[in-house]
Amino acid sequence: MNILKAGIIVNEEKDKNFNVTKKIINFLNDKGIDVYLPKNIISLFDKSKKINFLTEPYQELNMFFSLGGDGTLLRATRLASPYNIPVCGINLGGLGFLTQIGLQEIDHYLPCILEDNYQIEERMMLYGYIMREGKRNGKFYCLNDIVVAKKLFARLINLDMLINDEYVIQYAADGLIISTSTGSTAYSLSAGGPIIYPSLKTIIITPICPHTLSARALVIHHKDNIKLIVRSKNLEVMLTVDGQEGFDLEENDVIVIQKSKYKTQLVTFPGPGKSFYGILRRKLKWSGRVLPNILEDDGWS
């Protein structure tokens with residue numbers, strides 16, 4: 001891909017002096033690439049550079065760079081996915097499960113992008129909306145997860161769940177996580193959900209601290225349609241999207257969730273430690289026990 005215009009989304013807390021942002025801008029400008037920055041930070045940079053306002057629509061951009069952690073990348077994917085723009089994550093945070101480039105790897109991998117030496121992984125996203133008294137009251141889409149949960153001091157919430165209009169279960173729990181395979185290693189994993197290979201098209205439903213032991217995580221088909229009905233009375237219930245957008249819910253609100261028509265185009269690289277299993281070993285500290293004889297027999301030594 002010939003990159004002529006690139007957008008940059010930066011976590012200002014994790015790049016406080018914008019040293020990394022300046023480095024990326026200088027690299028891209030030196031290669032003749034126009035850079036687009038959000039309005040709130042553009043005044044902090046040299047106006048003589050090829051720097052422009054980042055405003056919708058974004059269809060002229062060839063790539064988004066997210067500088068921060070997974071949260072920053074999730075924000076970038078929601079901007080980029082309607083226009084099929086690839087997103088390259090540079091990790092300035094802690095775990096960084098979705099970001100492929102570490103701080104010490106920038107000098108190596110940025111030239112790889114311009115040399116077209118990278119891969120695009122398509123990741124499924126979710127779409128949803130809220131029905132209140134027969135009217136749509138909000139819509140959203142996400143790469144990781146949609147969470148319906150109680151607010152700080154509320155008691156257990158009650159949610160009816162239907163899949164493809166068939167009643168399945170009523171959850172009494174702290175909340176419920178609806179995630180993609182990509183999101184299976186985020187909040188869902190912390191709540192006891194399974195790890196799913198990220199390119200698999202599935203939807204994972206994981207209850208948060210359910211009142212009954214029989215309520216377990218459920219993996220369903222990506223074409224299934226989920227409806228959640230809020231049955232809690234006089235309780236504060238909230239829906240959050242990728243942990244970043246929030247919607248207050250009321251009794252009898254119906255939340256409809258299904259596969260999104262949008263897909264995330266995630267920039268990835270071949271090589272040791274960059275595969276999904278390599279990331280699991282490195283990020284989740286799966287050092288494991290090495291069995292030398294088996295490894296040698298299989299040609300791994």
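This report walks through a predicted model of a protein chain, from its overall build to a few chosen residues.

## Overall build

The chain holds seven helices and 18 strands. Its C-alpha trace spans about 60 × 60 × 35 Å along the principal axes. The radius of gyration is 21 Å; a compact globule of 301 residues would come out near 19 Å, so the two agree.

Contacts reach far along the sequence. Among contacts with a separation of 6 or more, 65% join residues 24 or more positions apart.

## Surface and charge

Of the 301 residues, 49% are buried. The chain exposes about 15600 Å². Carbon and sulfur atoms supply 49% of that exposed area.

Charged side chains number 35 positive and 32 negative. The centres of these two sets lie 2 Å apart.

## The β7–β8 hairpin

Strand β7 covers residues 119-132, and strand β8 covers residues 135-142. They pair in the antiparallel sense, over seven bridges. One of the bridge partnerships links I130 with G138 of β8.

Two residues sit between the strands of this hairpin. There, E133 takes a positive phi near 50°.

## Helix α3

Helix α3 runs over residues 70-80 and is mostly covered. Eight of its 11 residues are buried. They are D70, T72, L73, L74, A76, T77, R78 and A80.

## N144, in a loop

N144 lies in the loop between β8 and β9, the latter being residues 145-150. Is N144 buried or exposed? Its relative accessibility is 9%, under the 20% cut-off, so N144 counts as buried.

Which residues does N144 touch, leaving aside neighbours within four places in sequence? The contacts are L74, L98, I178, S179, T180, T182, G183, A186 and D242. One of these, L74, is among the buried residues of α3. Another is S179, taken up next.

## S179, in strand β12

S179 belongs to strand β12, residues 175-180. S179 has a relative accessible area of 0%, and therefore is buried.

Leaving aside neighbours within four places in sequence, S179 is in contact with L126, N144, D145, S184, S188, T202, I203 and I204. The list includes N144, the loop residue between β8 and β9. It also includes L126, which falls within the residue range of β7, 119-132.

How far apart are the C-alpha atoms of S179 and G71? They are separated by 15 Å, while the two residues stand 108 residues apart along the chain.

Methods:
Residues are numbered from 1 along each chain as its sequence is written. This is a predicted model: local features need pLDDT of at least 70, side-chain atom pairs count only at pLDDT 80 or more; totals for chains, interfaces and linings use all residues. Side-chain values use heavy atoms; hydrogens and water are left out. Two strands pair if DSSP finds at least two bridges between them. Helices (H or I, at least four residues) and strands (E, at least two) are DSSP runs, numbered from the N terminus. The radius of gyration is taken over C-alpha atoms; the globule rule is 2.2 Å times the number of residues to the power 0.38. Buried means under 20% relative accessible area, exposed over 50%, partly exposed in between (1.4 Å probe, protein chains only). Contact means heavy atoms within 4.5 Å. Accessible areas come from the Shrake-Rupley method with a 1.4 Å probe; for residues, only the protein chains shown count as cover. Lys and Arg count as positive and Asp and Glu as negative; His and the chain ends are not counted. The place of a charge is taken as NZ of Lys, CZ of Arg, CG of Asp or CD of Glu.
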